[in-house]
Amino acid sequence: MSTLLLRLVAPLQSWGTDSKFERRATGREPSKSGVIGLLAAALGRRRDESLDDLAALKFGVRVVKPGHVMMDFHTAKSTKQTYVTKRYYLEDAAFLVGLEGDVELLQALESAVKVPYFPLFLGRKACPPTGRISLGIRNLSLKEALLGEAFDGESNSDAPARCIIHMDVDEPGAYRQHDMPISFDQKHRKFAYRYIKTDIEFMSCKTEHDAFEGMD
């Protein structure tokens, strides 16, 4: 088993799964549909192309920094009326995302993220990522990779972390979330439910950095 790790950091992110009409909400962590959209853009796939291979990847998130929800007002005007939309964002958040699956597909995704075909953004076009996205492929399961990775040099061994992990339907504690992408076609956008579980886990990541190195 292999897992591709992605670093999702930006001043603003927005991961909507239930936005309607003038209210554009955001989830508190990256959605599978949003991340698959990012990967499809990196590969250069058009909206009407199949997502089956990407959607089949196991998906998980470790919340490194939850950030804060902020709201922005947008005024839109048509020929008949003017109306206000409310758009929500996550400010100053950081996430570690893992995708587990076939190593050849993960290698193609890693290469594409480094040199993307289309511009990449974290949920909305107004949210470009900061710094590198791909952290590489680990020969570990999804959960092991998420808990064993030192994020941006952290050394939080044995520290608790909130993880949202892919689950099978019959596993205890699993609940549904409507963010499994079926089609991004603008005329036939379609999403399905998937099962996830949120747990507080303890990380195993360690670094070789010594904070007192060089001191007498």
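This report walks through the fold of one protein chain, from its overall make-up to a helix contact and a single buried residue. Please keep in mind that the model is predicted.

**The chain as a whole**

The protein chain holds 4 helices and 9 strands. Read from the N terminus, its elements follow the order β-β-α-α-β-β-β-α-β-α-β-β-β. Of the 216 residues in the chain, 40% are buried. If you look at contacts with a separation of 6 or more, 75% of them link residues 24 or more positions apart. The accessible surface of the chain comes to about 12400 Å², and carbon and sulfur atoms account for 50% of that area.

**Strand β3 and its partners**

A good place to start in the strands is β3, which covers residues 58–65. Strand β3 pairs with β5 (residues 82–101) and also with β7 (residues 160–166). Both pairings are set out here.

| Strand pair | Sense | Bridges | One bridged residue pair |
|---|---|---|---|
| β3 and β5 | antiparallel | 7 bridges | V63 of β3 and F95 of β5 |
| β3 and β7 | antiparallel | 4 bridges | V61 of β3 and I164 of β7 |

To find these pairings on your screen, you can use V63, whose bridge partner in β5 is F95. For the pairing with β7, look for V61, which has I164 as its bridge partner. As a reminder for viewing side chains, those in a regular strand alternate between the two faces of the sheet.

**Where helices α1 and α3 meet**

Now turn to helix α1 (residues 32–43) and helix α3 (residues 103–114), whose axes come within 8 Å and cross at roughly 75 degrees. Angles of 65 to 115 degrees count as roughly perpendicular, so α1 is roughly perpendicular to α3. On the α1 side, the contact is made by L39, A42 and L43, while α3 contributes A108, L109, A112 and V113. What classes of residue make up the contact of α1 with α3? There are 7 nonpolar residues, with no polar and no charged ones.

**A glutamate in helix α3**

Helix α3 also contains E110. Is E110 buried or exposed? Its relative accessible area is 17%, and the cut-off for buried is under 20%, so E110 counts as buried. Leaving aside residues up to four places away in sequence, E110 touches L4, S134, G136 and I137. If you display E110 together with these residues, you can see its contacts for yourself.

Methods: Residues numbered from 1 in each chain as written. Predicted model: local features only at pLDDT ≥ 70, side-chain atom pairs only at ≥ 80, totals over all residues. Heavy atoms only, no water. Pairing = 2+ DSSP bridges. Helix = DSSP H or I, 4+ residues; strand = E, 2+ residues; numbered from the N terminus. Axes fitted to C-alpha atoms, helices over the stretch in contact; angles between N-to-C directions. Parallel < 35°, antiparallel > 145°, perpendicular 65-115°, else oblique. Contact = heavy atoms within 4.5 Å. Nonpolar A, V, L, I, M, F, W, Y, C, P; charged D, E, K, R; others polar. Buried < 20%, exposed > 50% of the residue type's maximum accessible area, 1.4 Å probe, protein only. Areas by Shrake-Rupley, 256 points an atom, 1.4 Å probe, with all protein chains shown as cover.
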